[in-house]
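Thanks for making time this morning. I would like to walk you slowly through one structure, and please stop me wherever a term is unfamiliar.

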Amino acid sequence: MTEKPTLLEEEQGTDEGAQGLAAADLAGQAMRLLHQALEASDLDQKALAEKLGVTQGRVSQVLNGDGNLRVAALARYLRALGYDVTLTAAPVTPGNPILPRTARRSRA
């Protein structure tokens, strides 16, 4: 008797499903980073909003995962909280090369 695949296994079994799961996972990682950085900082949502030049409502929206957070906005939020963000990628297909981490540009 063969076990029925789980919904997760079904999603992972298609390109579209795997891509959607990867997007959701990365979005979750971004949200966890934002929450951790805010908790580690001495800022509250209002102070962060003032530093970013946005409303406290927008900061709340972002922290609650409402809307699509752009990579540039993630970098701005983390920088305002005192952090830089580094993006890496790992191969999921055997035989794909490991992508080199490029050297950061020096800040002038």
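I will begin with a helix, go on to the core and the pocket, and end with a single residue.

Please keep in mind throughout that what you see is a predicted model, so every value I quote has been computed from it.

Let us start with helix H2, which runs over 15-40. How many ångströms should the 26 residues of H2 span, at 1.5 Å a residue? The expected span is 38 Å, and because the end C-alpha atoms of H2 are 37 Å apart, the model agrees with that expectation.

Now look at which parts of H2 are hidden: Gly17, Ala30, Met31, Leu34, Ala37 and Leu38 are buried. As a general reminder, an α-helix has 3.6 residues a turn, so residues three or four places apart point the same way. The buried residues of H2 pack against helix H1 (7-12) and also against H3, H4 and H5.

That brings us to the largest nonpolar core, which has 15 residues, and in which Leu34, Leu48, Val59 and Tyr77 have the most contacts. At least two residues of this core come from each of H2, helix H3 (45-52), H4 and H5, and H2 gives the most, with 5 residues. If you would like one residue to follow by eye, take Tyr77, which, leaving aside residues up to four places away in sequence, touches Leu34, Leu48, Leu52, Val54, Arg58, Val59 and Val62.

Next comes the empty space. The largest pocket has a volume of about 610 Å³, and of the 22 residues that line it, Leu26, Ala30, Val71, Leu74 and Leu87 are the closest to its centre. Two or more lining residues come from each of helix H2, helix H4 (56-63) and helix H5 (71-80). Which helix gives the most to this lining? It is H2, with 7 residues. Sorted by class, the lining has 13 nonpolar, 6 polar and 3 charged residues.

Finally, let us consider Leu33, which lies in helix H2. Is Leu33 buried, exposed or partly exposed? Its relative accessibility is 38%, and since buried means under 20% and exposed means over 50%, Leu33 therefore counts as partly exposed. Leu33 touches Leu78 and Val85, again without counting residues up to four places away in sequence. Leu33 and Thr6, by contrast, are 27 residues apart in sequence and 29 Å apart in space, taken from C-alpha to C-alpha.

I am happy to take questions now.

How values were computed: Residues numbered from 1 in each chain as written. Predicted model: local features only at pLDDT ≥ 70, side-chain atom pairs only at ≥ 80, totals over all residues. Heavy atoms only, no water. 1 Å grid on protein atoms, 1.4 Å probe; cavity = no way out; pocket = protein on both sides within 12 Å on 5 of 7 lines; lining within 4 Å. Points joined across faces, edges and corners; volume = space filled by probe spheres on them. Helix = DSSP H or I, 4+ residues; strand = E, 2+ residues; numbered from the N terminus. Nonpolar A, V, L, I, M, F, W, Y, C, P; charged D, E, K, R; others polar. Core = buried A, V, L, I, M, F, W, Y, C linked by side-chain atoms within 4.5 Å. Buried < 20%, exposed > 50% of the residue type's maximum accessible area, 1.4 Å probe, protein only. Contact = heavy atoms within 4.5 Å. Expected span 1.5 Å × (residues − 1).
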